[in-house]
Amino acid sequence: MKRNHSPALVGALGASVALSLVVAMAPAQAAADDYDVLVVGKTTGFRHSSIDEATTAVMALGEANGFTVDVWDPPTPAGRWGASPGQPERTLESTPFTSAENLAKYETIVFVSTVDGTNSLDPALPTLLDGSELEAFQGYIRAGGGYAGVHAATDSMHTVPWYGQLTGGGARFISHPAQQTATQTVEDGTHPSTEHLDESWTRFDEWYNFTQSPRPVVRVLTNLEETTYNPGRNAMGEDHPLSWCQNIEGARSWYTGGGHTEASYTDPAFLQHLLGGIAWTARAVSGGGDCVTWYEVDTLVSDLLDEGAISQKAATQLDRQLAEAQELADAGEPAEAAEKLNAAAAQVRAHVRDNADARETLAGKVSDLQTWQRELG
């Protein structure tokens, strides 16, 4: 069954040889102004040949959808994997990761296969961003910036736990089998990056295995079905998320494991997927409850209780109602879960009276959960 919930994604033939299909988005909720995107293709480890094609694709998507693109992909010196040529004709002259204020010019930052060779977990190895650059990036994220990770973005900064949480629940790249055709189940078609897809999505790519499933923390958008291909060593089994999203530290974060092959960036469905992730993290579009998760709301309730913003009674009642709603959702009954969330909303109204900010925040998150479950139903 084709899903079509909010933004409509339409493909149109483009003139570029490198990008034969340009995707235009007509969002349900669009940004008031054009926005700015930073593409990071810098590598100090293995260099994916598709980084140039990915950059070309994002630039073309920007032209079609009203956002501008800067690139940070400087040449880097020889290392274990050899020197990286970067994209010298496109890259900024110097690092944009100088301060959170400087990065704030971008609505979102897209990391494309930014391998840095730290997967040995040797703390002595330099990471993609040095200490001051990482501090600037963290400040940007904590101020509400956007992050979109593509393919080997999860094979970078392995020794920076914060980055692993940003990319998704601590899930890090660990291995991949030979490139082959495989099928993903679309678990959540309410998101702008998946609403154009059918219930299953079959394509050719390089399929990653991760150190763990991010499912407890993030909202899984697509799950890789290992019965449809040979997953090789480190197979993850039935629970093998491949794309997901989350709200973290005030930022929007989205990741897709696809995008190894150069052909990915002329694939209409993949380009729509990528565009949806970029536009959502840039807050140019919304949809499906905007990736609010049970984990996020549970954590919010706990944090508000610790801060004294809500009472123990309110927290206890909310925890109970949220747990019952999640149980229904996990049982495949989203409509019933949405109905049960009415009780959680009522608890907010009844027991969170003295702190207007806490009441507004909780009510908004519960409403987002309801929107998500209703659209799933």
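**Exercise 1. In what order do the nine strands of the open sheet run, and is the pairing mixed or not mixed?**

Some ground rules come first. This is a predicted model, where local features need pLDDT of at least 70, side-chain atom pairs count only at pLDDT 80 or more, and totals for chains, interfaces and linings use all residues. Residues are numbered from 1 along each chain as its sequence is written, and side-chain values use heavy atoms, leaving out hydrogens and water.

Step 1: strands are DSSP runs (E, at least two residues), numbered from the N terminus, and two of them pair if DSSP finds at least two bridges between them.

Step 2: walk across the open sheet and you get S4-S3-S5-S6-S13-S12-S11-S8-S9, with mixed pairing.

Step 3: look at the edges. S4 (67-72) and S9 (200-205) each have a single partner strand, so one side of each has no neighbour in the sheet.

**Exercise 2. Find the sense in which S6 and S13 pair.**

Step 1: S6 (residues 146-150) and S13 (residues 251-256) pair in the parallel sense, over five bridges.

Step 2: pick out one bridge: Gly146 is partnered by Arg252 in S13.

**Exercise 3. Work out whether Ala182 is buried or exposed, and what it touches.**

Step 1: place Ala182 in strand S8 (residues 180-186).

Step 2: its relative accessibility is 1%, so Ala182 counts as buried (under 20% relative accessible area; exposed is over 50%, partly exposed in between, with a 1.4 Å probe and protein chains only).

Step 3: skip residues up to four places away in sequence, and Ala182 touches Trp201, Thr202, Arg203, Trp207, Leu224, Thr228 and Tyr229 (contact means heavy atoms within 4.5 Å).

Methods
Helices (H or I, at least four residues) and strands (E, at least two) are DSSP runs, numbered from the N terminus.
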